[in-house]
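Thanks for coming. I have one structure to go through today, and I will keep to packing and strand pairing. Please have a look at it first.

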Amino acid sequence: MPENLLTINNLHVHFPTEAGTVEAVRGISFSLKKGETLGIVGESGSGKSVTALSILGLLPAPGIVAGGEIHFAPKDGEPVDLAKLPERQFQKIRGGEIAMIFQEPMTSLNPVFRCGEQVAEAIRLHHSVGNEEAKRQVLALFEKAKLPEPERIYRAYPHQLSGGQIQRVMIAMALSGNPSLLIADEHTSALDVSVQAAILGLLNELKTGWGGSTIFISHNLAVVAQVASRVLVMKAGEIVEQGRVGEVFNKPQHLYTRELVLNSGLSSVHSPQFAVSSPQSAVRSLAGGGRVMLMRELKTWFPAAKNFFGKAKSYVKAVDGVTLEILPGETLGLAGESGSGKTTLGRSLLFLQKPTSGEVFYGEQNLARLTDGKWKALRKDLQIIFQDPYSSLNPRLPIGLALTEPMRVHGILSNEKERRQRAVELLETVGLEAGHFWRYPNEFSGGQRQRICIARALALEPRFIVCDECVSALDVTVQAQVLNLLMKLKNERGLTYLFISHDLAVVRAVSDRIAVMKDGKIVELGATEEVYTHPKCAYTKQLLDAIPKGTMREF
């Protein structure tokens with residue numbers, strides 16, 4: 001048997017707060033062999049990401065390793081205890097020995113530097129090569145990562161790439177130092193099924209030639225089953241079960257593992273407790289009746305290249321002539337691969353991204369012609385739950401005040417006491433606690449931050465909400481809770497949703513109609529069950545075929 005690359009003994013991680021010490025990790029122990037892929041699964045807040053950040057010495061303040069050992073065997077030299085390693089020595093370990101693909105790729109790259117330059121910088125740091133050689137290696141890595149047009153990606157800024165492309169850039173950067181250990185933290189959670197399958201396949205291909213070890217962190221048990229040989233199940237900072245993937249998922253011993261297995265995969269959104277409106281409930285004749293939103297020949301283009309005088313020579317047509325109507329009280333699902341234009345369409349609809357041309361109507365109001373004063377009055381009615389929760393929260397503002405601030409701006413409730421009470425109710429509604437009110441965004445897991453963003457969108461009691469991948473980072477149990485909540489609020493308050501998601505199973509469960517998007521255009525539109533059972537477009541069939549077909553019995 002190969003020797004261990006990583007051995008963790010009795011690890012404790014604490015976060016001291018004014019309300020007391022939060023024990024994020026409570027005495028966990030496990031090992032990782034050379035060349036092995038280890039999966040770590042568990043609900044949001046179970047301690048998965050904190051464990052990974054402890055290994056890298058990147059715990060956010062005020063987090064500390066309160067006890068235990070993290071023994072790591074570098075390529076050259078004696079094993080070291082990372083829990084006691086000075087920061088100066090850690091800089092040699094990060095990137096060159098241990099690399100990480102972070103949960104939120106949009107915040108992992110510097111927005112003011114080109115993507116290729118950022119990877120080249122990492123290569124120069126670890127390999128001491130010149131600029132030309134660094135660029136050559138970057139382009140080679142981009143080709144391995146199956147990025148289209150490596151030269152264009154090299155010159156592009158992060159905001160010019162889709163989520164799937166950014167993840168490939170992050171994989172290239174992580175592998176640029178040829179590390180012994182790669183930690184992948186929920187790195188496919190926000191990707192559509194096609195891109196997710198491609199990324200997982202890519203990692204498997206790269207692993208064959210790379211030969212390193214991987215820790216694969218995910219709330220998606222089906223994905224872990226595809227890539228890992230062993231798995232740890234974490235709950236409330238502890239390991240409740242571990243073993244070979246097939247044994248743990250087929251014959252779970254712990255009650256919590258059984259619940260995860262039961263709720264995993266496609267069954268999570270077809271649970272008997274999940275109340276879903278009839279697929280035809282809001283579908284009525286488009287010729288008659290009211291409407292909430294109408295897009296007419298909507299286009300949002302971005303310059304792809306400019307000439308000497310700064311004039312655009314070519315464009316990325318993110319949204320290209322979309323005409324779409326959203327009916328009162330319906331959930332319109334919007335599905336498509338990464339880079340298809342889904343998020344840009346949602347942002348253009350609310351004029352967070354100004355369209356290039358076309359019209360958008362809210363009721364009978366043409367949004368392009370509204371004055372600033374009228375826009376302010378409408379903003380409370382039109383809300384969005386952003387795809388990237390971390391970058392959409394103010395890191396210097398406690399999350400409770402992030403909820404009361406928009407209420408105060410729009411005159412919701414009569415005083416601050418009532419607003420704070422309402423904020424606490426919203427936190428509890430999305431599965432958080434009253435005691436979280438004064439905590440900052442960095443003190444929460446990715447899934448918890450996503451719940452905070454949902455609470456903030458609901459704070460203004462809107463009529464129309466764009467849900468942009470709003471449950472993509474949530475574990476299956478919390479995902480079902482949040483989807484139940486969204487459907488409950490829809491029925492109680494008459495809300496209307498544009499529900500953007502790469503998870504076609506979730507779209508199917510919550511949507512009355514579904515629109516399928518490809519290359520900036522709507523290629524199929526219809527009642528959800530009709531689209532799923534009798535797709536007319538070859539692209540829709542391709543997306544449906546990419547849904548993981550495995551069940552727990554087949555692992």
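**Strand pairing and nonpolar cores**

I start at a turn: strand 19 and strand 20 form a hairpin with two residues between the strands, and there Asp519 takes a positive phi near 50 degrees. Bear in mind that this is a predicted model.

Staying with that hairpin, strand 19 covers residues 513-518 and strand 20 covers residues 521-527. The two run antiparallel and are joined by six bridges. One pair to look at is Met517, whose bridge partner in strand 20 is Ile522.

What else does strand 19 pair with? Strand 13, residues 331-335, runs parallel to strand 19, with four bridges between them. In this pairing Leu332 stands opposite Arg513 of strand 19. As for exposure, strand 19 is mostly covered, with five of its six residues buried.

Now the cores. Which residues have the most contacts inside the largest nonpolar core? They are Val119, Phe142, Val169 and Phe249, in a core of 45 residues. Helix 6, residues 163-175, gives the most to this core, namely eight residues.

Take Val119 as an example. Leaving out residues up to four places away in sequence, Val119 touches Val138, Leu141 and Phe142, and also Val169, Ala172, Met173 and Ser176. A second core, separate from that one, has 43 residues, among them Leu401, Ala459, Cys467 and Val510.

To recap the strands: strand 19 pairs parallel with strand 13 and antiparallel with strand 20. That is all I have; questions are welcome.

Terms used
Residues numbered from 1 in each chain as written. Predicted model: local features only at pLDDT ≥ 70, side-chain atom pairs only at ≥ 80, totals over all residues. Heavy atoms only, no water. Core = buried A, V, L, I, M, F, W, Y, C linked by side-chain atoms within 4.5 Å. Buried < 20%, exposed > 50% of the residue type's maximum accessible area, 1.4 Å probe, protein only. Contact = heavy atoms within 4.5 Å. Pairing = 2+ DSSP bridges.
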